[in-house]
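Please open the model in your viewer and keep the sequence panel beside it, since each stop on this tour asks you to select a few residues and then look at what surrounds them.

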Amino acid sequence: MCGIVGYVGHRPALDVVLDGLRRLEYRGYDSAGVAVLDGGGLAVERKAGRLANLEARLDEVGRDGFAGTSGMGHTRWATHGAPIDRNSHPHRDTAERLAVVHNGIIENFAALRAELEAAGVELTSDTDTETVAHLVGQAYAAGETAGDLPASLRAVCRRLEGAFTLVVTHADEPDQVVAARRSSPLVVGLGEGETFVASDVSAFIEHTREAVELGQDQVVVITREGYTVTDFDGEPAEVKPFTVDWDLSAAEKGGHEYFMLKEIEEQPTALADTLRGHFADGRITLDEQRLSDQELRDIDKVFVVACGSAYHSGLVAKYAIEHWTRLPVEVELASEFRYRDPVLDRATLVVAISQSGETADTLEAVRHARGQKARVLAVCNTNGAQIPRESDAVLYTHAGPEIGVASTKAFLAQVAANYLVGLALAQARGTKYPDEVAREFHALAAMPDAVRTVLERTEQIKALGRELSDAKAVLFLGRHVGYPVALEGALKLKELAYMHAEGFAAGELKHGPIALIEEGLPVVVVMPSPKGRAVLHSKLVSNISEIQARGARTIVIAEEGDETVRPFADELIEVPAVPTLLQPLVSTVPLQILAAEIARSRGYDVDKPRNLAKSVTVE
Ligand code: M6R
């Protein structure tokens, strides 16, 4: 949601922090701010809008007070208080000696604010964060924790409800930065004579790949020499060190205008990396398997919970898992799941899909499922994030860092990982023979090449995108696994091009949506294979002819050599022939390119669509 970074070292903190914020800006871009400890003082600057506004502001006021080598920064996705200067982080205590940045929500902030106001504190922002700044400032100034910054933060954390990561600096403590974590992410980066804390490793990857993942309810103190971690009561706590397996180039644009375009191109690699190592000695393996084959055999129902694109990947999974395992699969929006009292027990497997591993709706669904004794398997792209930490088993997608807010390579990697989950279940339950599992896996392993073939058509698709950039609305139709692809295509267009876009199951058209068809309306149709699903194919051809007869402009994604559909396609985008269940891996790609190009032609920021953030850590 928000991006935070803290630093103590030997370089100018302002440069390190601004570089870190640049890489974290995908997490939120409503405002940005920095605090640097310099010569016994605390220099703070903050500005509404993108990081560029903050940098311009720093140029305007001068960077003289910001020469210190410890500090912190924040990039915000607003929750409490409008995205204006005075609500931007860092927030300070009344004495203006202490500063706090925060990611998450303090749920009991109204009570804390009332307490502070009753004691005569004047709050200058509408945020929940400012209450923390005053409370830690008071705890540091007097009483049991006076003069002890980590102890002051711990004491305040014990009073906070909600999910939060906090980073705190104090003018009297220039050699340390203190941070706390509950549910929201926080990692420590270990350099030579310098230490970092950040929402994710991309903030410090240019300086070090050695990192430490903090656990729940922990406080870390970073200094030039390293770090110490305790729980909120001050007891030493365990952490998990790890080495990041990608480098700076993965987190940079590499000559592309936008991260999203680079990430679309990286999809063959993302798929190959996700599949790598999961089929050995004729068997599918997961990453962290804390469920035995016997437990997988005892499963009698599967729920898939996720949000946004991850949810669409779950819809695709339903077709594969049901077909391969004969288990009933329900796919549920994570935000709805726990509020409708789903029937869960020990024999239920809940597959929680999340790129970030920190989406609050999905995390709460996981907690609810585990509370009901269901088994949870996480499909996640972020090593050690909260969702995999709280799950019984984990399958990581190895898409690498996804910076563009619109999910592309992570989505494709999720679809591939979900197939692995289906095959792992089929293998454990014996609903597929080992040679059948091997065949399915090898078909999957051929998909990176198929996606490469689709990418060769990028220029054709972009040209079409430019033609469509004036359209008022676009409809997307699909059947079977093409239906979730249609939903995903519509989501991409909505979030990037701010255009009205709807995805429909093509068979539903005649039950209402056909009334939307008017002269010239672009309708994108995702065709099934004429060989794989001949019955559906002919039905979809009829659907296209119905809308074409009513004036729609038909844009058809179809298998190479599908001549039957050609007369009904005003525009034809061909994709390679692949097995029916795997078609979303090729048919989604043109829709991603189309949405990005329409957004670009309309002059929008493809990587940072308005009102959105990459990971949504509030419900
Ligand atoms: O990190 P997650 O996979 O849990 O995120 C879920 C959704 O917020 C995400 O897929 C969102 O819908 C994307 N912006 C879609 O492009």
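Begin with the largest nonpolar core of this predicted model, which has 91 residues, and select V302, Y419, F476 and L493, the members that touch the most other members. Helix α13 (residues 409-429) supplies 13 residues, the largest share of this core. Colouring domain 2 (259-445) and domain 3 (458-601) separately will help here, because both of them give residues to the core, so it lies between them. Elsewhere there is a second, separate core, made of 30 residues, and V17, L51, F204 and V244 are among them.

Return to Y419 and show its surroundings: leaving out residues up to four places away in sequence, Y419 touches V316, A320, W324, L444, L581, L582, P584 and L585.

Next, select α13 together with helix α14 (residues 434-445). How do the axes of α13 and α14 cross? They come within 10 Å of each other and cross at roughly 175°, and since an angle over 145 degrees counts as roughly antiparallel, α13 is roughly antiparallel to α14. To see where the two helices meet, display A416, Y419, L420, L423 and Q427 on α13, and V437, E440, F441 and L444 on α14, which together make the contact.

Now step back to the whole chain, whose domain assignment gives domain 1 (3-251), domain 2 (259-445) and domain 3 (458-601). The C-alpha centres of domain 1 and domain 2 are 33 Å apart, and the contact takes 15 residues from domain 1 and 12 residues from domain 2.

From there, go to helix α15 (residues 447-455) and select M447, P448, A450, V451, V454 and L455, which are its buried residues. Looking along the helix axis, you will find that they cover an arc of only 160°, which puts them on the same side of α15.

Helix α3 (residues 109-118) can be viewed in the same manner, with F109, L112, R113 and L116 as its buried residues. They cover an arc of only 100° around the axis, and therefore lie on the same side of α3. As a general point, an α-helix has 3.6 residues a turn, so residues three or four places apart point the same way. If you turn to the other side of α3, you come to A111 and A118, which are exposed. Add β6 (98-106) and α4 (129-141) to the display, for these are the elements against which the buried residues of α3 pack. Just after α3, G120 takes a positive phi of about 90°.

The next selection is V524, which lies in strand β25 (residues 522-526). Is V524 buried or exposed? With a relative accessible area of 0%, V524 is buried. Its contacts, not counting residues up to four places away in sequence, are V474, L475, F476, L477, I555, I557, L591 and L594; F476 is also one of the residues named at the start for touching the most other members of the largest nonpolar core. For a sense of scale, draw a distance from V524 to T124, which is 400 residues away along the chain: their C-alpha atoms are separated by 50 Å.

Move on to E25, in the loop between α1 (13-24) and β2 (31-38). Although E25 is placed in a loop, its relative accessibility is 7%, so it counts as buried. Apart from neighbours within four places in sequence, E25 is in contact with R50, L51, T75 and K608, and L51 also belongs to the second core.

The last stops concern the backbone, and each of them is in a loop.

- Select H89 and P90, where the peptide bond from H89 to P90 is cis, with omega near 0°; P90 is in the loop between β4 (70-76) and β5 (91-92).
- Select S183, in the loop between β8 (177-182) and β9 (187-190), where phi is near 65°, a positive value in a residue other than glycine. S183 counts as buried because its relative accessibility is 12%, and the cut-off for buried is under 20%.
- Finish at H480, in the loop between β23 (473-478) and α17 (482-497), which has a positive phi of about 55° although it is not a glycine.

Conventions
Residues numbered from 1 in each chain as written. Predicted model: local features only at pLDDT ≥ 70, side-chain atom pairs only at ≥ 80, totals over all residues. Heavy atoms only, no water. Buried < 20%, exposed > 50% of the residue type's maximum accessible area, 1.4 Å probe, protein only. Helix = DSSP H or I, 4+ residues; strand = E, 2+ residues; numbered from the N terminus. Arc of directions from axis to C-beta. Core = buried A, V, L, I, M, F, W, Y, C linked by side-chain atoms within 4.5 Å. Domains from an automatic or database assignment. Contact = heavy atoms within 4.5 Å. Axes fitted to C-alpha atoms, helices over the stretch in contact; angles between N-to-C directions. Parallel < 35°, antiparallel > 145°, perpendicular 65-115°, else oblique.
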